[in-house]
Each structure stands twice: as C-alpha cells, then as structure tokens.
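Visitor: Please show me the model, and then I will ask how its labels are justified.

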Amino acid sequence: MPELHKDESIWPIAFRLVSEEKQIGRWSTLSWSIEDVCLYDQEKKDQLVQTNNGHLLALELYRDERTDYRFNLSSQDPHLFFVCEEENEQLSPLLVTAAQSVAGSYMDGDYQVLHIKAPLQVQAWMEAFIGRHGELIEFRGKRCKDKRKEKKGRSSGN
C-alpha cells in the first residue's frame, strides 16, 4: 500500500467498516458503520489497515468544492461522507469526502453512503484550506434586478 502523508489538501484516514445484522419486520439486513477512525498515529493506522475490514482512504480537498465545505462546516454537526460499493454482502469503501453534494451524487446508484461526525482537527484543517484559498462564490447565471427587463421575453413580442 502506498504511503500517504497529510498535507494542505490531503489527509489519510484509517477506519474500520463494521456490520451488524438488523431485523426489519420479517427481513434481516446488514447495517454498516464506520468505527475506529485514526487520523494521526502511523503505526496504529498500519495495524488498523491490516485487520479485517480495516481501510485507508485519503480525504482530499478541492478548490472548486469550497462552497460545499463551508456549507458542511456551518451546519450544526459537520460530517465526513464515506462512499462504499456493496458486493456479495460486503462493503468496499471507494471515497471519503467532506462535500455533501459529491456524496449525494452517489446515492442514486448502487452505492451506500455512510457518514461520521467530522473530527474537530479535520474541521480546523478544512477551515485553514478555505482560508488559504478564499471563499468560493458561486454564480447561478445572470439575474435581472430590473422588474421591467424580467417581463421581456419571446412571448411578449418585444
């Protein structure tokens, strides 16, 4: 496994995927959760990854997702989202992100999105990233402020 190091835009996160069988009516299903999150200790990360269901993913921040990060950080409980693929009743993690819209884009497919509360250290790191690169202001197309101009269009004959 390649060595991952924390820097201004990448933070390796080790964790375990844990399943628990739950009864829903007459049916039983597996409920998955993220446990034993490890942010710093390289030796502990290595041990965790070598155990059953231990994984290591890089949380990577992108400049064009700063609006999503700000939205996440300004929520009551900021989260990290883990996108996983299910195969033969086993979950395999593909991606960890702090952007809810990125995680949401996977929810329509054959993916399962798990989440945990973002550790305070990761929240501070995200704030520093936004501080270094500035707030991203999204423009949603031109909007006319003059009400008279809004009335003009193809159907008005003008």
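Guide: Helices (H or I, at least four residues) and strands (E, at least two) are DSSP runs, numbered from the N terminus. Glu65 lies in the loop between β3 (54-60) and α2 (66-73). This is a predicted model, in which local features need pLDDT of at least 70 and side-chain atom pairs count only at pLDDT 80 or more, while totals for chains, interfaces and linings use all residues. Residues are numbered from 1 along each chain as its sequence is written, and side-chain values use heavy atoms, with hydrogens and water left out.

Visitor: How do you know that Glu65 has no salt bridge?

Guide: A salt bridge is a side-chain nitrogen of Lys or Arg within 4 Å of a carboxyl oxygen of Asp or Glu. For Glu65, the nearest side chain of opposite charge (Lys and Arg count as positive, Asp and Glu as negative; His and the chain ends are not counted) is Arg66, 9.7 Å away. Glu65 is therefore without a salt bridge, by the 4 Å limit. Glu65 is nevertheless buried, meaning under 20% relative accessible area, with exposed being over 50% and partly exposed in between (1.4 Å probe, protein chains only).

Visitor: What makes the span of helix α4 agree with expectation?

Guide: The expected span is 1.5 Å times one less than the number of residues. For the 14 residues of α4 (residues 120-133) that is 20 Å, and the end C-alpha atoms are 20 Å apart, so the two agree.

Visitor: Which residues of α4 are buried?

Guide: Val122, Gln123, Trp125, Met126, Phe129 and Ile130 are. On the other side of α4, Leu120 and Gly131 are exposed.
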